[in-house]
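The following questions and answers are intended to be read alongside the model shown here. Each answer proceeds step by step and ends on the value or name requested.

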Amino acid sequence: MSKLLVIGCGGVAQVAITKCCQNSAVFTELCIASRTLSKCDALKSALEGTTQTKITTAQIDAMDVPALTALIKDYNPVAVLNVALPYQDLAIMDACLAAGVHYIDTANYEAEDTQDPTFKAAYDKRCAELGFTALFDYSWQWAYQEKFKEAGLTALLGSGFDPGVTSVFAAYAQKHYFDEIHTIDILDCNGGDHGYPFATNFNPEINLREVSAPGSYWENGKWVETHPMAIHRTYDFDQVGTKDMYLLHHEEIESLAKNIPNVKRIRFFMTFGQSYLTHMQCLENVGLLGTEAIDFEGQSIVPIQFLKALLPDPASLGPRTVGKTNIGCIFTGLKDGKERSIYIYNVCDHQECYREVGSQAISYTTGVPAMIGAMLVSDGRWQDAGVFTTEQFDPDPFMEGLNAWGLPWTVVENPTLVD
Ligand code: NDP
(Lines give C-alpha, C1' and ligand atoms only; values in the text may rest on other atoms or scores of the structure.)
Protein backbone atom coordinates (compact mmCIF):
# COMPACT_ATOMS: atom_id res chain seq x y z
CA MET A 1 0.00 0.00 0.00
CA SER A 2 2.08 2.97 -1.13
CA LYS A 3 2.13 6.10 -3.19
CA LEU A 4 4.87 6.72 -5.77
CA LEU A 5 5.76 9.91 -7.63
CA VAL A 6 7.43 9.14 -10.96
CA ILE A 7 9.42 11.89 -12.71
CA GLY A 8 9.77 11.58 -16.50
CA CYS A 9 7.48 10.14 -19.13
CA GLY A 10 9.90 8.88 -21.81
CA GLY A 11 10.73 5.37 -23.01
CA VAL A 12 11.96 3.96 -19.68
CA ALA A 13 9.33 5.77 -17.59
CA GLN A 14 6.49 4.39 -19.68
CA VAL A 15 7.60 0.81 -18.93
CA ALA A 16 8.31 1.50 -15.24
CA ILE A 17 4.88 3.14 -14.82
CA THR A 18 3.08 0.33 -16.70
CA LYS A 19 4.82 -2.24 -14.48
CA CYS A 20 3.90 -0.29 -11.31
CA CYS A 21 0.30 -0.36 -12.50
CA GLN A 22 0.53 -4.16 -12.95
CA ASN A 23 1.73 -4.24 -9.33
CA SER A 24 -1.15 -2.24 -7.87
CA ALA A 25 -1.13 -4.28 -4.63
CA VAL A 26 2.08 -2.35 -3.81
CA PHE A 27 1.55 0.85 -5.82
CA THR A 28 -1.96 1.84 -4.85
CA GLU A 29 -1.48 5.41 -6.08
CA LEU A 30 0.94 6.89 -8.61
CA CYS A 31 1.57 10.39 -9.94
CA ILE A 32 3.23 10.80 -13.35
CA ALA A 33 5.07 14.13 -13.31
CA SER A 34 7.11 15.32 -16.26
CA ARG A 35 8.05 18.31 -18.40
CA THR A 36 5.37 17.66 -21.06
CA LEU A 37 1.99 17.18 -19.37
CA SER A 38 0.28 15.85 -22.52
CA LYS A 39 2.55 12.75 -22.50
CA CYS A 40 1.65 12.08 -18.84
CA ASP A 41 -2.07 12.47 -19.58
CA ALA A 42 -1.86 10.18 -22.63
CA LEU A 43 -0.19 7.43 -20.57
CA LYS A 44 -2.73 7.88 -17.77
CA SER A 45 -5.59 7.45 -20.28
CA ALA A 46 -3.95 4.35 -21.79
CA LEU A 47 -3.51 2.70 -18.38
CA GLU A 48 -6.79 3.63 -16.70
CA GLY A 49 -9.23 0.75 -16.85
CA THR A 50 -6.36 -1.78 -16.92
CA THR A 51 -5.20 -1.21 -13.33
CA GLN A 52 -6.38 -0.72 -9.75
CA THR A 53 -3.64 1.92 -9.25
CA LYS A 54 -5.09 5.43 -8.91
CA ILE A 55 -3.16 7.60 -11.40
CA THR A 56 -2.76 11.38 -11.38
CA THR A 57 -0.50 13.61 -13.46
CA ALA A 58 1.44 16.85 -12.99
CA GLN A 59 3.57 19.18 -15.07
CA ILE A 60 7.00 19.81 -13.56
CA ASP A 61 10.43 21.10 -14.49
CA ALA A 62 12.51 18.86 -12.24
CA MET A 63 15.36 21.41 -12.25
CA ASP A 64 13.10 23.80 -10.30
CA VAL A 65 13.82 22.46 -6.79
CA PRO A 66 11.29 24.66 -4.89
CA ALA A 67 8.47 23.74 -7.32
CA LEU A 68 9.38 20.06 -7.19
CA THR A 69 9.60 20.12 -3.38
CA ALA A 70 6.13 21.69 -3.26
CA LEU A 71 4.76 19.02 -5.63
CA ILE A 72 6.26 16.20 -3.54
CA LYS A 73 4.95 17.69 -0.29
CA ASP A 74 1.52 18.15 -1.79
CA TYR A 75 1.30 14.60 -3.23
CA ASN A 76 3.06 13.08 -0.19
CA PRO A 77 4.45 9.85 -1.72
CA VAL A 78 6.64 7.30 0.08
CA ALA A 79 9.29 7.65 -2.64
CA VAL A 80 10.19 9.43 -5.87
CA LEU A 81 11.29 7.36 -8.86
CA ASN A 82 13.49 9.48 -11.14
CA VAL A 83 13.29 8.19 -14.70
CA ALA A 84 13.88 11.60 -16.28
CA LEU A 85 17.48 12.29 -17.38
CA PRO A 86 20.76 12.07 -15.42
CA TYR A 87 20.99 15.90 -15.60
CA GLN A 88 18.13 16.13 -13.09
CA ASP A 89 19.52 13.67 -10.49
CA LEU A 90 20.92 16.23 -8.04
CA ALA A 91 17.92 18.57 -8.22
CA ILE A 92 15.55 15.66 -7.55
CA MET A 93 17.72 14.40 -4.66
CA ASP A 94 17.63 17.92 -3.16
CA ALA A 95 13.84 18.04 -3.44
CA CYS A 96 13.49 14.56 -1.87
CA LEU A 97 15.61 15.70 1.09
CA ALA A 98 13.59 18.90 1.47
CA ALA A 99 10.29 16.98 1.32
CA GLY A 100 11.48 13.98 3.41
CA VAL A 101 10.91 11.09 0.95
CA HIS A 102 13.05 8.25 -0.44
CA TYR A 103 14.75 8.52 -3.85
CA ILE A 104 15.39 5.96 -6.66
CA ASP A 105 17.04 6.47 -10.06
CA THR A 106 18.52 4.51 -12.97
CA ALA A 107 21.57 6.51 -14.10
CA ASN A 108 24.27 8.52 -12.35
CA TYR A 109 24.58 12.28 -12.50
CA GLU A 110 25.94 13.91 -15.60
CA ALA A 111 26.15 17.68 -16.16
CA GLU A 112 24.11 18.94 -19.09
CA ASP A 113 26.55 21.79 -19.60
CA THR A 114 29.98 20.21 -19.45
CA GLN A 115 31.61 23.66 -19.66
CA ASP A 116 29.94 24.88 -16.47
CA PRO A 117 32.91 26.12 -14.35
CA THR A 118 31.83 24.28 -11.14
CA PHE A 119 31.39 21.03 -13.05
CA LYS A 120 34.59 21.53 -15.03
CA ALA A 121 36.73 22.12 -11.93
CA ALA A 122 35.39 19.02 -10.17
CA TYR A 123 35.66 16.98 -13.38
CA ASP A 124 39.29 17.97 -14.02
CA LYS A 125 40.18 17.12 -10.41
CA ARG A 126 38.48 13.72 -10.63
CA CYS A 127 40.14 12.87 -13.97
CA ALA A 128 43.54 13.65 -12.45
CA GLU A 129 42.86 11.72 -9.22
CA LEU A 130 41.05 8.64 -10.50
CA GLY A 131 42.33 8.32 -14.07
CA PHE A 132 39.11 7.96 -16.09
CA THR A 133 37.65 10.75 -18.19
CA ALA A 134 33.97 9.77 -18.67
CA LEU A 135 31.68 12.75 -18.13
CA PHE A 136 29.56 10.82 -15.62
CA ASP A 137 30.59 9.33 -12.29
CA TYR A 138 29.19 8.62 -8.83
CA SER A 139 31.11 11.29 -6.90
CA TRP A 140 28.32 13.88 -7.18
CA GLN A 141 25.68 11.60 -5.72
CA TRP A 142 27.93 9.86 -3.19
CA ALA A 143 28.51 13.37 -1.80
CA TYR A 144 24.86 13.19 -0.57
CA GLN A 145 25.67 10.25 1.76
CA GLU A 146 25.64 12.25 5.01
CA LYS A 147 22.56 14.28 4.05
CA PHE A 148 20.45 11.16 3.39
CA LYS A 149 21.87 9.44 6.48
CA GLU A 150 20.99 12.38 8.72
CA ALA A 151 17.51 12.59 7.20
CA GLY A 152 16.96 8.83 7.75
CA LEU A 153 16.13 8.47 4.03
CA THR A 154 17.20 5.97 1.35
CA ALA A 155 18.66 7.00 -2.00
CA LEU A 156 18.91 3.96 -4.29
CA LEU A 157 21.12 4.79 -7.28
CA GLY A 158 21.19 3.01 -10.63
CA SER A 159 18.20 0.66 -10.40
CA GLY A 160 18.01 -0.11 -14.13
CA PHE A 161 19.56 -3.10 -15.88
CA ASP A 162 23.13 -1.92 -16.32
CA PRO A 163 23.67 -0.44 -13.83
CA GLY A 164 21.15 -2.10 -11.56
CA VAL A 165 20.50 -5.75 -12.31
CA THR A 166 24.17 -6.35 -13.20
CA SER A 167 25.16 -5.21 -9.69
CA VAL A 168 22.39 -7.34 -8.12
CA PHE A 169 23.83 -10.31 -10.09
CA ALA A 170 27.21 -9.52 -8.50
CA ALA A 171 25.72 -9.46 -4.99
CA TYR A 172 23.85 -12.71 -5.72
CA ALA A 173 27.02 -14.41 -7.01
CA GLN A 174 28.90 -13.20 -3.91
CA LYS A 175 26.15 -14.43 -1.57
CA HIS A 176 25.43 -17.85 -3.11
CA TYR A 177 28.36 -18.93 -5.33
CA PHE A 178 31.71 -17.50 -4.20
CA ASP A 179 33.90 -16.92 -1.18
CA GLU A 180 35.89 -14.47 -3.31
CA ILE A 181 35.01 -12.94 -6.68
CA HIS A 182 38.17 -12.15 -8.65
CA THR A 183 36.90 -10.98 -12.06
CA ILE A 184 33.62 -9.60 -13.38
CA ASP A 185 32.88 -9.21 -17.10
CA ILE A 186 29.57 -7.47 -17.78
CA LEU A 187 28.30 -8.31 -21.27
CA ASP A 188 25.51 -6.20 -22.77
CA CYS A 189 24.31 -7.67 -26.05
CA ASN A 190 21.50 -6.22 -28.11
CA GLY A 191 20.71 -8.54 -31.01
CA GLY A 192 17.71 -6.41 -31.99
CA ASP A 193 17.13 -4.87 -35.41
CA HIS A 194 14.89 -1.78 -35.82
CA GLY A 195 15.43 -1.45 -39.57
CA TYR A 196 16.73 2.16 -39.44
CA PRO A 197 20.25 2.90 -40.73
CA PHE A 198 20.98 4.57 -37.38
CA ALA A 199 19.01 5.04 -34.15
CA THR A 200 19.73 4.71 -30.43
CA ASN A 201 17.74 2.48 -28.08
CA PHE A 202 17.48 5.03 -25.31
CA ASN A 203 17.88 8.80 -25.08
CA PRO A 204 20.31 9.55 -27.97
CA GLU A 205 22.16 12.30 -26.15
CA ILE A 206 22.93 10.13 -23.10
CA ASN A 207 23.61 7.03 -25.22
CA LEU A 208 26.00 8.72 -27.67
CA ARG A 209 27.90 10.51 -24.93
CA GLU A 210 28.40 7.13 -23.23
CA VAL A 211 29.56 5.09 -26.21
CA SER A 212 31.79 7.74 -27.80
CA ALA A 213 33.77 8.26 -24.56
CA PRO A 214 37.14 6.57 -23.91
CA GLY A 215 36.83 2.99 -22.62
CA SER A 216 38.09 2.03 -19.19
CA TYR A 217 38.26 -0.91 -16.82
CA TRP A 218 39.27 -1.58 -13.24
CA GLU A 219 42.38 -3.70 -12.65
CA ASN A 220 44.41 -4.32 -9.52
CA GLY A 221 43.01 -1.35 -7.64
CA LYS A 222 43.14 1.27 -10.39
CA TRP A 223 41.49 2.45 -13.60
CA VAL A 224 43.02 1.64 -16.98
CA GLU A 225 41.75 3.91 -19.76
CA THR A 226 41.74 3.08 -23.49
CA HIS A 227 40.82 4.91 -26.69
CA PRO A 228 37.09 4.60 -27.53
CA MET A 229 36.27 1.14 -28.92
CA ALA A 230 39.95 0.10 -28.74
CA ILE A 231 39.28 -3.30 -27.11
CA HIS A 232 37.22 -5.63 -29.28
CA ARG A 233 36.09 -9.22 -28.63
CA THR A 234 33.52 -11.57 -30.11
CA TYR A 235 31.19 -13.69 -28.00
CA ASP A 236 28.56 -16.33 -28.75
CA PHE A 237 25.46 -15.20 -26.82
CA ASP A 238 22.74 -17.65 -25.86
CA GLN A 239 19.63 -17.18 -28.10
CA VAL A 240 21.30 -14.31 -30.01
CA GLY A 241 24.44 -15.77 -31.60
CA THR A 242 27.96 -14.47 -32.18
CA LYS A 243 28.40 -10.70 -31.90
CA ASP A 244 31.22 -8.16 -31.90
CA MET A 245 31.53 -6.36 -28.59
CA TYR A 246 33.65 -3.43 -27.41
CA LEU A 247 34.94 -2.39 -24.01
CA LEU A 248 33.26 0.76 -22.61
CA HIS A 249 33.52 2.74 -19.41
CA HIS A 250 30.37 2.02 -17.40
CA GLU A 251 29.14 3.36 -14.11
CA GLU A 252 28.65 0.12 -12.17
CA ILE A 253 32.39 -0.62 -12.46
CA GLU A 254 32.93 2.28 -10.06
CA SER A 255 30.58 1.02 -7.35
CA LEU A 256 31.40 -2.69 -7.75
CA ALA A 257 35.11 -1.90 -7.32
CA LYS A 258 34.23 -0.42 -3.91
CA ASN A 259 31.67 -2.99 -2.80
CA ILE A 260 32.90 -6.40 -4.01
CA PRO A 261 35.85 -7.27 -1.75
CA ASN A 262 38.93 -8.87 -3.40
CA VAL A 263 37.79 -8.10 -6.95
CA LYS A 264 40.85 -7.80 -9.20
CA ARG A 265 39.35 -6.84 -12.56
CA ILE A 266 35.98 -5.49 -13.77
CA ARG A 267 35.24 -4.87 -17.45
CA PHE A 268 32.10 -3.87 -19.39
CA PHE A 269 31.46 -4.86 -23.01
CA MET A 270 28.62 -3.79 -25.28
CA THR A 271 27.80 -5.21 -28.71
CA PHE A 272 27.73 -2.89 -31.74
CA GLY A 273 27.32 -3.63 -35.44
CA GLN A 274 29.71 -2.10 -37.95
CA SER A 275 27.01 0.18 -39.36
CA TYR A 276 26.33 1.75 -35.94
CA LEU A 277 30.05 2.35 -35.38
CA THR A 278 30.57 3.87 -38.83
CA HIS A 279 27.63 6.25 -38.36
CA MET A 280 28.80 7.26 -34.90
CA GLN A 281 32.36 7.85 -36.09
CA CYS A 282 31.11 9.99 -38.93
CA LEU A 283 28.80 12.04 -36.66
CA GLU A 284 31.68 12.56 -34.25
CA ASN A 285 34.08 13.56 -37.03
CA VAL A 286 31.72 16.27 -38.26
CA GLY A 287 31.14 17.57 -34.72
CA LEU A 288 27.54 16.47 -34.22
CA LEU A 289 28.31 14.73 -30.91
CA GLY A 290 29.56 18.01 -29.40
CA THR A 291 28.10 18.99 -26.01
CA GLU A 292 29.18 22.65 -26.13
CA ALA A 293 26.74 25.23 -27.51
CA ILE A 294 27.67 26.81 -30.86
CA ASP A 295 26.25 29.89 -32.48
CA PHE A 296 24.16 29.10 -35.58
CA GLU A 297 22.76 32.13 -37.37
CA GLY A 298 22.31 33.99 -34.10
CA GLN A 299 20.86 31.01 -32.28
CA SER A 300 22.67 28.96 -29.64
CA ILE A 301 22.59 25.24 -30.52
CA VAL A 302 24.14 22.23 -28.75
CA PRO A 303 25.11 19.87 -31.61
CA ILE A 304 24.20 16.61 -29.83
CA GLN A 305 20.76 18.05 -28.89
CA PHE A 306 20.18 19.03 -32.51
CA LEU A 307 21.16 15.50 -33.56
CA LYS A 308 18.68 14.09 -31.01
CA ALA A 309 15.91 16.05 -32.71
CA LEU A 310 16.81 14.41 -36.05
CA LEU A 311 17.04 10.80 -34.82
CA PRO A 312 14.07 8.48 -34.29
CA ASP A 313 12.53 8.75 -30.81
CA PRO A 314 13.62 5.57 -28.95
CA ALA A 315 10.04 5.26 -27.64
CA SER A 316 8.91 4.81 -31.28
CA LEU A 317 11.19 1.81 -31.98
CA GLY A 318 8.95 -0.73 -30.22
CA PRO A 319 6.76 -1.88 -33.12
CA ARG A 320 9.68 -2.29 -35.55
CA THR A 321 12.38 -3.88 -33.38
CA VAL A 322 12.81 -7.65 -33.68
CA GLY A 323 15.33 -9.95 -32.00
CA LYS A 324 16.58 -10.38 -28.45
CA THR A 325 18.84 -8.83 -25.84
CA ASN A 326 21.14 -10.91 -23.64
CA ILE A 327 22.65 -8.98 -20.73
CA GLY A 328 24.57 -10.50 -17.85
CA CYS A 329 27.81 -11.00 -15.97
CA ILE A 330 30.55 -13.62 -15.99
CA PHE A 331 32.19 -14.08 -12.59
CA THR A 332 35.36 -15.98 -11.74
CA GLY A 333 36.78 -16.57 -8.28
CA LEU A 334 37.09 -19.08 -5.46
CA LYS A 335 34.62 -21.28 -3.59
CA ASP A 336 35.87 -23.62 -0.82
CA GLY A 337 39.42 -23.14 -2.06
CA LYS A 338 38.59 -24.19 -5.65
CA GLU A 339 38.37 -22.02 -8.77
CA ARG A 340 34.84 -21.41 -10.00
CA SER A 341 33.21 -19.48 -12.85
CA ILE A 342 29.53 -18.68 -13.47
CA TYR A 343 27.51 -16.60 -15.92
CA ILE A 344 24.21 -15.03 -14.84
CA TYR A 345 22.15 -13.47 -17.62
CA ASN A 346 18.70 -12.51 -18.84
CA VAL A 347 17.40 -12.89 -22.39
CA CYS A 348 14.62 -10.54 -23.42
CA ASP A 349 12.66 -10.54 -26.68
CA HIS A 350 11.90 -7.12 -28.23
CA GLN A 351 8.57 -8.15 -29.73
CA GLU A 352 7.34 -9.88 -26.55
CA CYS A 353 8.07 -6.63 -24.67
CA TYR A 354 6.22 -4.65 -27.29
CA ARG A 355 3.17 -6.91 -27.05
CA GLU A 356 3.15 -6.61 -23.25
CA VAL A 357 3.90 -2.91 -22.65
CA GLY A 358 4.25 -1.27 -26.07
CA SER A 359 8.05 -0.76 -25.80
CA GLN A 360 11.24 -2.40 -27.08
CA ALA A 361 13.47 -4.47 -24.80
CA ILE A 362 15.97 -1.72 -23.86
CA SER A 363 13.25 0.39 -22.23
CA TYR A 364 11.73 -2.82 -20.81
CA THR A 365 14.96 -4.12 -19.27
CA THR A 366 15.45 -0.72 -17.60
CA GLY A 367 11.84 0.00 -16.59
CA VAL A 368 11.20 -3.36 -14.88
CA PRO A 369 14.18 -3.08 -12.45
CA ALA A 370 13.25 0.56 -11.82
CA MET A 371 9.82 -0.65 -10.65
CA ILE A 372 11.40 -3.45 -8.56
CA GLY A 373 13.81 -1.00 -6.87
CA ALA A 374 10.93 1.38 -6.16
CA MET A 375 8.90 -1.54 -4.74
CA LEU A 376 11.69 -2.73 -2.40
CA VAL A 377 12.38 0.78 -1.13
CA SER A 378 8.66 1.56 -0.75
CA ASP A 379 7.80 -1.66 1.12
CA GLY A 380 10.83 -1.32 3.40
CA ARG A 381 12.83 -4.37 2.29
CA TRP A 382 15.55 -2.16 0.82
CA GLN A 383 15.42 0.77 3.20
CA ASP A 384 18.49 2.11 5.01
CA ALA A 385 19.62 5.64 5.77
CA GLY A 386 22.11 6.87 3.17
CA VAL A 387 23.04 6.60 -0.51
CA PHE A 388 23.30 3.08 -1.92
CA THR A 389 23.84 1.17 -5.17
CA THR A 390 21.96 -2.04 -5.82
CA GLU A 391 24.75 -4.48 -4.84
CA GLN A 392 24.64 -3.12 -1.28
CA PHE A 393 21.27 -4.69 -0.37
CA ASP A 394 20.16 -8.35 -0.06
CA PRO A 395 19.92 -9.50 -3.70
CA ASP A 396 17.37 -12.27 -3.11
CA PRO A 397 14.12 -10.24 -3.17
CA PHE A 398 15.32 -8.35 -6.26
CA MET A 399 16.21 -11.62 -8.03
CA GLU A 400 12.75 -13.01 -7.13
CA GLY A 401 11.24 -9.78 -8.47
CA LEU A 402 13.03 -10.21 -11.81
CA ASN A 403 11.53 -13.68 -12.24
CA ALA A 404 8.09 -12.48 -11.18
CA TRP A 405 8.00 -9.29 -13.27
CA GLY A 406 9.26 -10.33 -16.70
CA LEU A 407 13.07 -10.60 -16.62
CA PRO A 408 13.84 -14.24 -15.70
CA TRP A 409 17.53 -15.08 -15.33
CA THR A 410 19.71 -18.13 -15.88
CA VAL A 411 22.87 -19.27 -14.07
CA VAL A 412 25.41 -21.25 -16.13
CA GLU A 413 28.43 -22.92 -14.50
CA ASN A 414 31.78 -22.97 -16.38
CA PRO A 415 30.78 -20.55 -19.18
CA THR A 416 33.07 -19.58 -22.06
CA LEU A 417 35.23 -16.80 -20.64
CA VAL A 418 36.22 -13.56 -22.39
CA ASP A 419 40.02 -13.40 -22.91
P1 NDP B 1 13.73 9.85 -22.64
O2 NDP B 1 14.48 10.97 -23.24
O3 NDP B 1 12.89 8.96 -23.48
O4 NDP B 1 12.79 10.39 -21.45
C5 NDP B 1 13.21 11.35 -20.53
C6 NDP B 1 11.96 11.95 -19.90
O7 NDP B 1 12.38 12.88 -18.90
C8 NDP B 1 11.08 12.69 -20.88
O9 NDP B 1 9.74 12.41 -20.60
C10 NDP B 1 11.41 14.15 -20.60
O11 NDP B 1 10.37 15.06 -20.85
C12 NDP B 1 11.65 14.09 -19.11
N13 NDP B 1 12.45 15.25 -18.69
C14 NDP B 1 13.60 15.71 -19.23
N15 NDP B 1 14.00 16.82 -18.60
C16 NDP B 1 13.08 17.07 -17.64
C17 NDP B 1 12.94 18.07 -16.66
N18 NDP B 1 13.83 19.08 -16.52
N19 NDP B 1 11.88 18.00 -15.82
C20 NDP B 1 10.97 17.01 -15.93
N21 NDP B 1 11.04 16.03 -16.85
C22 NDP B 1 12.09 16.06 -17.69
O23 NDP B 1 14.84 8.99 -21.85
P24 NDP B 1 14.80 7.40 -21.54
O25 NDP B 1 13.46 7.03 -21.05
O26 NDP B 1 15.41 6.69 -22.67
O27 NDP B 1 15.84 7.33 -20.30
C28 NDP B 1 15.42 7.67 -19.00
C29 NDP B 1 16.56 7.41 -18.01
O30 NDP B 1 16.90 6.03 -18.00
C31 NDP B 1 17.85 8.16 -18.37
O32 NDP B 1 18.40 8.68 -17.18
C33 NDP B 1 18.75 7.08 -18.91
O34 NDP B 1 20.12 7.36 -18.72
C35 NDP B 1 18.32 5.91 -18.04
N36 NDP B 1 18.66 4.59 -18.59
C37 NDP B 1 19.22 3.67 -17.73
C38 NDP B 1 19.56 2.41 -18.19
C39 NDP B 1 20.05 1.37 -17.23
O40 NDP B 1 20.08 0.19 -17.59
N41 NDP B 1 20.42 1.71 -16.01
C42 NDP B 1 19.39 2.03 -19.60
C43 NDP B 1 18.70 3.02 -20.40
C44 NDP B 1 18.39 4.28 -19.90
P45 NDP B 1 9.86 15.41 -22.34
O46 NDP B 1 8.87 14.34 -22.62
O47 NDP B 1 9.30 16.75 -22.23
O48 NDP B 1 11.09 15.32 -23.24
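Q: How far apart are the closest N and O atoms in the salt bridge of Lys 19 with Glu 356?
A: The model is a predicted one, and the distance is computed from its atoms. A salt bridge requires a side-chain nitrogen of Lys or Arg within 4 Å of a carboxyl oxygen of Asp or Glu. Lys 19 and Glu 356 satisfy this rule, their closest N and O atoms being 2.5 Å apart.

Q: Into which domains is the protein divided, and how far apart do their C-alpha centres lie?
A: The division gives domain 1, residues 2-157, and domain 2, residues 165-357 together with 408-413. Their contact takes 27 residues from domain 1 and 20 residues from domain 2. The C-alpha centres of domain 1 and domain 2 are separated by 22 Å.

Q: Which three residues supply 26% of the area that domain 1 buries against domain 2?
A: Between them, domain 1 and domain 2 bury about 2100 Å², and 54% of this lies on carbon and sulfur atoms. On the side of domain 1, no other three residues supply more of the buried area than the trio in question, whose share is 26%. These residues are Phe 132, Phe 136 and Trp 142.

Q: How many salt bridges does the rule find across the interface of domain 1 and domain 2?
A: Polar contacts also join the two domains, with a count of 12 residue pairs between domain 1 and domain 2. The structure as a whole holds 14 salt bridges. Across the interface of domain 1 and domain 2, the number of salt bridges found is two.

Q: Which element supplies the largest share of the side of domain 1 that touches domain 2?
A: At least two residues of this side come from each of α1 (11-22) and α6 (139-142). By type, the residues of the side of domain 1 that touches domain 2 comprise 13 nonpolar, 10 polar and four charged. The largest share, five residues, is supplied by α1.

Q: Why does the salt bridge of Asp 179 and Lys 335 tie together parts that are apart in sequence, and by how many residues are they apart?
A: The side chains of Asp 179 and Lys 335 meet at 3.6 Å, N to O. Asp 179 lies in the loop between α8 (165-176) and β7 (180-190), whereas Lys 335 lies in strand β15 (residues 324-335), so the pair ties together parts whose separation in sequence is 156 residues.

Q: Are Asp 179 and Lys 335 buried, partly exposed or exposed?
A: A residue is buried under 20% relative accessible area and exposed over 50%, and partly exposed in between. The relative accessibility of Asp 179 is 42%, and that of Lys 335 is 26%. Both values fall in the middle range, so Asp 179 and Lys 335 count as partly exposed.

Q: Which residues are linked with Lys 175 in a network of salt bridges?
A: Some salt bridges join a pair, such as that of Asp 379 and Arg 381 at 2.8 Å, N to O. Lys 175 belongs instead to a network, in which its partners are Asp 394 and Asp 396.

Q: Which peptide bond is cis, with omega near 10 degrees?
A: Most peptide bonds are trans. The cis bond leads to Pro 163, which is found in the loop between β6 (154-157) and α8. It is the peptide bond from Asp 162 to Pro 163.

Q: What is the approximate phi of Asn 220?
A: Most residues other than glycine have a negative phi. Asn 220, placed in the loop between β8 (215-219) and β9 (222-226), is exposed at 60% relative accessibility. Although Asn 220 is not a glycine, its phi is positive, near 50 degrees.

Q: With which side chain does the side chain of His 182 make a polar contact?
A: His 182 is placed in strand β7 and is buried, with a relative accessible area of 17%. Leaving aside neighbours within four places in sequence, the residues in contact with His 182 include Asn 262, Arg 265 and Leu 334. The polar contact of the His 182 side chain, at 2.7 Å, is with the side chain of Glu 180.

Conventions:
Residues are numbered from 1 along each chain as its sequence is written. This is a predicted model: local features need pLDDT of at least 70, side-chain atom pairs count only at pLDDT 80 or more; totals for chains, interfaces and linings use all residues. Side-chain values use heavy atoms; hydrogens and water are left out. Domain bounds come from an automatic or database domain assignment. Contact means heavy atoms within 4.5 Å. Buried area is the accessible area (1.4 Å probe) that two parts lose on being put together, summed over both. A polar contact is a pair of N or O atoms within 3.5 Å; within protein, one must be able to donate a hydrogen and the other to accept it, and residues adjacent in sequence count only if both atoms are side-chain atoms. Helices (H or I, at least four residues) and strands (E, at least two) are DSSP runs, numbered from the N terminus. Ala, Val, Leu, Ile, Met, Phe, Trp, Tyr, Cys and Pro count as nonpolar, Asp, Glu, Lys and Arg as charged, and the others, Gly among them, as polar. Buried means under 20% relative accessible area, exposed over 50%, partly exposed in between (1.4 Å probe, protein chains only).
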